[in-house]
Amino acid sequence: SRDAIYDIIATLPRGRPIAVVLDSPGGDPGIAYQMASALRNHCGSFIVLVPRYAKSAATLFSLGAQKIIMGDRAELGPLDMQVFDSDSESRRSVLEYVQSLERLEAYTMRLMDDIMQLLIERTQKKVNTLLPSVIEFSTS
């Protein structure tokens, strides 16, 4: 945890670089950034040793190091948050879900514009009258 790391950092000699063995699936990117900054401020610099993997926030932490030394099969990244998808039984990027929602939003807005324009031309009704029906149609 962050507090445990800060307690350990306080016991290290100030201005003396250290090596950190990092084997992690990741975590909170904000805390990873804070820990790397705290190490750099206290020790001057640090080296990261990655025997297997440093994913997500662990990759971000590694980028704060002066040098990254990796094992033969070691991996870094990705930086985006990963979640387990029970349907595909694999890990997927949260960005895939965000991008899907953004595409749906863009499609819905375009659909609403097209329907509104069509209904105004054909019915001669005001936007305020048509809007509730257009929203319901577009979102369903």
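Me: In this predicted model, how do the axes of helix H4 and helix H5 cross, and how should I read the angle?

Reply: Angles of 65 to 115 degrees count as roughly perpendicular and those over 145 as roughly antiparallel, while angles that fit none of the named ranges count as oblique. Here the axes of H4 (residues 94–123) and H5 (residues 127–139) come within 9 Å and cross at roughly 140°, and the two helices are therefore oblique to each other. The crossing in which H4 passes H5 is right-handed.

Me: Which residues of H4 and H5 meet?

Reply: From H4 the contact includes Leu111, Ile115 and Leu119, and from H5 it includes Leu130, Val134 and Phe137. Taken by kind, the residues of this contact divide into 12 nonpolar, four polar and no charged.

Me: How are H1 and H2 placed, and at what angle do their axes cross?

Reply: Angles under 35 degrees count as roughly parallel. The axes of H1 (residues 2–11) and H2 (residues 29–43) come within 11 Å and cross at roughly 5°, which makes H1 roughly parallel to H2. Arg2, Ile5, Tyr6 and Ile9 are the residues of H1 that meet H2, where their partners include Met35 and Leu39; the residues of this contact divide into seven nonpolar, two polar and one charged.

Me: How many bridges join strand S6 to strand S7, and do the strands run parallel or antiparallel?

Reply: Strands S6 (residues 82–85) and S7 (residues 90–93) run antiparallel and are joined by four bridges; Asp85, for example, has Ser90 in S7 as its bridge partner. Their hairpin has four residues between the strands, and Glu89 takes a positive phi near 55° there.

Key:
Residues are numbered from 1 along each chain as its sequence is written. This is a predicted model: local features need pLDDT of at least 70, side-chain atom pairs count only at pLDDT 80 or more; totals for chains, interfaces and linings use all residues. Side-chain values use heavy atoms; hydrogens and water are left out. Axes are lines fitted to C-alpha atoms, for helices over the stretch in contact, and angles run from 0 to 180 degrees between N-to-C directions. Contact means heavy atoms within 4.5 Å. Ala, Val, Leu, Ile, Met, Phe, Trp, Tyr, Cys and Pro count as nonpolar, Asp, Glu, Lys and Arg as charged, and the others, Gly among them, as polar. Two strands pair if DSSP finds at least two bridges between them. A crossing is left-handed if the near helix is turned anticlockwise from the far one by less than a right angle, and right-handed if clockwise.
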